[in-house]
Amino acid sequence: MSSDGGGTLVVGLSIPEIQGTLIQADAAFYDDSALTHLLLYTSSDAAFLLQEARADGFDYITCNLPKSLEPRTDVTSLDSRWWRTSIVGRMETPSMQQMEWAQHMNIPAVLLPEVSPRDVDTCQKIASLALVASASNGQVWIQTRLTEDSINAFDSLHRFCDGASNVGMMLTLDNDVRDVGNDAQTLVARQVVLLHKAIGSQLKAICFPTSVFLTNKRGYPALSKTHQVLFTEVLGRIGKTVRVLLEGPSKHEVGECGKTKCVPYLQYIRHLRQRPEIAQILDSPEASLEEPYLDQLQRPLQPLADQLEFQTYETFEKDPVKYLQYQKAILAVLRNGVATIQGNPSQTRITIMVVGAGRGPLVRVALAAIAELGTPLNFHIYAVEKNPSAVIYLESLARYDASWKNAVTVVHSDMRQLDPHKLGNAQADIVISELLGSFGDNELCPECLDGLIGTGVWKDTTVSIPSSYTAYLAPVSSMKLHSEARAQSFFPAKPTSGGLDSAPMGVQCAMETPYVVRTHAASQTHPEQRCWSFAHPPVKRDKERTCHLVFQPDPTHGAGSGSGYGPYDPALAAIAQSMSTADAGSISVHGLVGSFEAILYSGGGEEITISTRPKSFSVGMFSWFPLYFPLKEPLRVPGGADITCSVWRRTETNSAGSGRVWYEWSARVTDAMGTVLGQTHIHNPNGRSYNVTL
Ligand SMILES: C[S@@+](CC[C@H](N)C(=O)[O-])C[C@H]1O[C@@H](n2cnc3c(N)ncnc32)[C@H](O)[C@@H]1O
């Protein structure tokens with residue numbers, strides 16, 4: 001069992017105390033990479049059980065950790081590689097002696113029963129165990145049930161453990177989750193909402209006791225409708241990393257049961273995993289491309305201050321949606337806009353400027369749109385780029401690509417200092433740019449395009465693609481992202497310039513930096529709301545912005561919005577809607593998740609957009625992951641309470657024309673009477689921890 005899962009489902013089985021004789025493990029049979037399914041088996045003889053479980057197709061087993069210094073047969077018969085990959089240890093109560101043995105054996109995870117938050121002494125012991133386990137990358141999984149109290153107990157324990165990244169939840173879906181009579185709709189809603197909370201709470205494994213399986217007409221095990229809905233949601237959201245535990249003994253000895261007698265359950269779980277709707281999410285080329293980025297925080301790109309690499313451009317250019325939308329927008333402008341502005345398009349030369357051209361994909365789509373127009377067009381394209389290395393690529397295309405020759409002029413310049421003489425004093429009819437960041441304006445598109453206006457190449461009738469963009473924000477619950485952000489404190493403060501000698505960020509700096517991240521083990525807790533917009537040409541010159549967004553109690557805890565990345569799920573949201581406000585429990589918020597929507601062109605009855613906000617997500621587009629703004633300390637939001645998030649976009653320009661842009665943010669929780677229940681500090685005042693260079 002690798003510590004963070006592969007791309008495949010891991011399934012497990014637990015059978016209380018099977019006694020068996022020792023059989024030497026056949027080493028050739030076991031393969032470290034075959035972690036397709038996880039079998040959790042409980043025994044004191046790991047060697048015997050592991051051999052049976054692997055023979056039946058399971059990946060690993062659980063075994064009881066030794067309570068004393070008594071001898072056991074498996075220690076002398078199993079190599080270390082089996083202990084460190086295929087065995088999960090079980091403890092009945094937190095024991096340092098057992099944890100030390102688990103660490104000695106390199107056992108990757110240890111299971112512990114649920115603990116009441118009132119039992120502070122046990123929480124203290126688990127905190128100590130987690131610290132010891134972390135020294136060898138070991139995890140501590142707490143058995144949790146899909147109830148408000150149980151999930152809250154885990155949340156509380158996790159806080160006692162100071163948000164330790166190796167303390168995770170193993171969630172048991174037991175009989176309480178079955179469909180029951182008239183109340184089924186409300187019950188499913190409640191479970192869906194609780195599961196959404198659990199996904200943001202370090203959900204590492206799902207456990208199905210064999211007793212929850214129903215029997216189908218042919219006598220085989222099958223899950224109830226409710227369990228299927230829940231399991232489908234787990235697979236769709238975190239199927240790349242979650243493990244599944246099957247807890248025996250078998251109650252369905254039918255067909256080929258194998259040595260464990262549990263093969264029919266494994267086959268059924270595999271069948272659920274292999275359904276096309278799940279395979280489409282987990283096994284697509286896009287999913288494989290995304291996998292290394294799941295929950296991995298990255299400092300946002302600064303294409304203005306830094307020079308992007310060849311490979312970065314190449315990755316952008318693979319986006320199947322973004323360029324198609326740009327092409328549609330350019331075609332629409334040519335059809336609707338320019339003809340009106342210029343009169344007869346076949347006689348007037350249309351000037352198109354692609355600013356921040358990179359390696360030229362927007363020039364390519366502009367040429368494609370012109371070809372698609374179907375009528376002759378007198379045009380010229382200027383490709384403006386400040387990255388000298390990218391200019392070599394552009395110049396090469398301009399010289400050697402037949403469609404570029406005579407049609408495209410490359411200009412090496414910062415668009416804000418563009419010399420109109422280099423363009424033969426031509427003014428732009430259409431300006432095409434893609435300077436958008438994960439939060440819309442965070443790569444300084446407003447500053448760059450307004451700078452371009454100042455050079456005089458922009459006229460009253462110039463059409464900009466994009467014409468406007470809007471930043472969106474929502475609270476997010478994610479213990480994982482929070483601990484990842486804290487872990488950044490050990491990285492150098494200035495990764496681009498600093499080497500081994502540069503100072504680490506420190507916790508304050510790490511928690512006051514927004515990160516680009518493919519949110520995964522995360523749950524957006526409310527529908528996202530609009531922060532602010534920028535338009536080109538600008539409606540107002542000021543590029544500072546402020547917003548205070550009140551997120552009112554949402555009994556669904558935003559279940560339809562998933563992790564804050566990807567399309568909103570209306571079907572799931574509709575199920576969760578049956579949740580009554582009175583039943584809505586509390587949730588922890590660990591940060592804010594930012595996204596954007598851009599209108600590339602609006603006119604002639606058409607609106608062509610690209611979007612990363614869940615409510616209007618451009619399906620298939622992968623150029624932007626969300627922007628995660630951490631909260632230094634998580635906020636607890638009780639059911640019925642509001643959370644108000646404030647964000648400021650601040651700018652500073654010095655007399656030399658350079659300067660910086662940064663965001664500040666804070667959050668406050670209030671009850672229905674307006675009483676403040678919790679609040680954060682204002683993160684990143686004066687851009688002390690993070691800013692973008694102009
Ligand atoms: C996000 S990339 C997009 C590149 C390309 N248009 C594409 O779609 O692949 C932004 C590009 O704009 C360039 N850029 C950013 N600010 C600029 C400025 N002020 N003047 C000229 N180029 C700029 C960067 O060097 C980079 O090549």
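Which residues are linked with Asp 155 in a network of salt bridges? In this predicted model, the partners of Asp 155 are Arg 159 and Arg 636, and the three residues together make up the network. Under the distance rule applied here, the structure holds 26 salt bridges. Several of these pairs join segments that lie far from one another in sequence, and they offer a convenient route into the fold.

The pair formed by Glu 247 and Arg 90 has its closest N and O atoms 3.5 Å apart. Glu 247 belongs to strand S11 (residues 243-247) and Arg 90 to strand S4 (residues 87-90), so this salt bridge ties together parts that are 157 residues apart in sequence. The two side chains fall into separate accessibility classes. Glu 247 has a relative accessibility of 22% and counts as partly exposed, whereas Arg 90, with a relative accessible area of 14%, is buried.

A salt bridge also connects Lys 322 with Glu 434, and here the closest N and O atoms are 2.8 Å apart. Lys 322 lies in helix H13 (residues 322-342), while Glu 434 is found in the loop between strand S15 (428-433) and helix H16 (445-454); the pair therefore ties together parts that are 112 residues apart in sequence. Lys 322 is buried, its relative accessible area being 2%. Glu 434 is buried as well, with a value of 17%.

Further along the chain, the side chains of Glu 597 and Arg 613 meet in a salt bridge with an N to O distance of 3.4 Å. Glu 597 is part of strand S22 (residues 587-603), and Arg 613 sits in the loop between strand S23 (606-611) and strand S24 (627-637); the two residues are 16 residues apart. Both Glu 597 and Arg 613 are buried.

The nonpolar interior may be considered next. The largest nonpolar core contains 100 residues, and within this core Ile 381 and Ile 432 touch the most other members. Leaving aside residues up to four places away in sequence, Ile 432 is in contact with Tyr 326, Ile 330, Ile 352, Met 353, Val 354, Val 355, Leu 362, Ala 366 and Ile 465. A second core, separate from the largest one, comprises 76 residues, among them Met 99, Ile 206, Leu 223 and Leu 246.

Where does the ligand make its nearest approaches? Of the 21 residues around the ligand, those that come nearest are Tyr 313, Tyr 323, Glu 385, Asp 414 and Met 415. An N or O atom in the side chain of Tyr 313 is 2.6 Å from an oxygen atom of the ligand. Glu 385 likewise places a polar side-chain atom 2.6 Å from an oxygen atom of the ligand. With Met 415 the backbone is involved: one of its polar backbone atoms is 2.9 Å from a nitrogen atom of the ligand. Taken alone, the ligand exposes 590 Å², of which the protein buries 99%. H13 and helix H14 (361-373) are the elements that give two or more residues to the shell around the ligand.

Helix H1 (residues 46-55) is another enclosed element. Nine of its ten residues are buried, so H1 is largely enclosed by the rest of the structure. The buried residues of H1 include the apolar Ala 46, Phe 48 and Leu 49, but also Gln 51, Glu 52 and Arg 54. Just after H1, Gly 57 adopts a positive phi of about 105°.

Ser 201 provides an example of a buried loop position. This residue lies in the loop between helix H7 (184-199) and strand S8 (203-209), and its relative accessibility of 6% means that Ser 201 counts as buried. Beyond its neighbours up to four places away in sequence, Ser 201 touches Phe 154, Met 169 and Met 479.

Arg 650, by contrast, is partly exposed, with a relative accessibility of 27%. Its place is in strand S25 (residues 642-653). Arg 650 and Arg 660 are ten residues apart along the chain, and their C-alpha atoms are separated by 8.5 Å. Apart from residues up to four places away in sequence, Arg 650 touches Glu 544, Arg 660, Val 661, Trp 662, Glu 664 and Asn 686. With Asn 686, the side chain of Arg 650 also forms a polar contact of 3.2 Å.

Methods. Residues numbered from 1 in each chain as written. Predicted model: local features only at pLDDT ≥ 70, side-chain atom pairs only at ≥ 80, totals over all residues. Heavy atoms only, no water. Core = buried A, V, L, I, M, F, W, Y, C linked by side-chain atoms within 4.5 Å. Buried < 20%, exposed > 50% of the residue type's maximum accessible area, 1.4 Å probe, protein only. Contact = heavy atoms within 4.5 Å. Salt bridge = Lys/Arg side-chain N within 4 Å of Asp/Glu carboxyl O. Helix = DSSP H or I, 4+ residues; strand = E, 2+ residues; numbered from the N terminus. Near = heavy atom within 4 Å. Polar contact = N/O pair within 3.5 Å; in protein donor to acceptor, adjacent residues only side chain to side chain. Areas by Shrake-Rupley, 256 points an atom, 1.4 Å probe, with all protein chains shown as cover.
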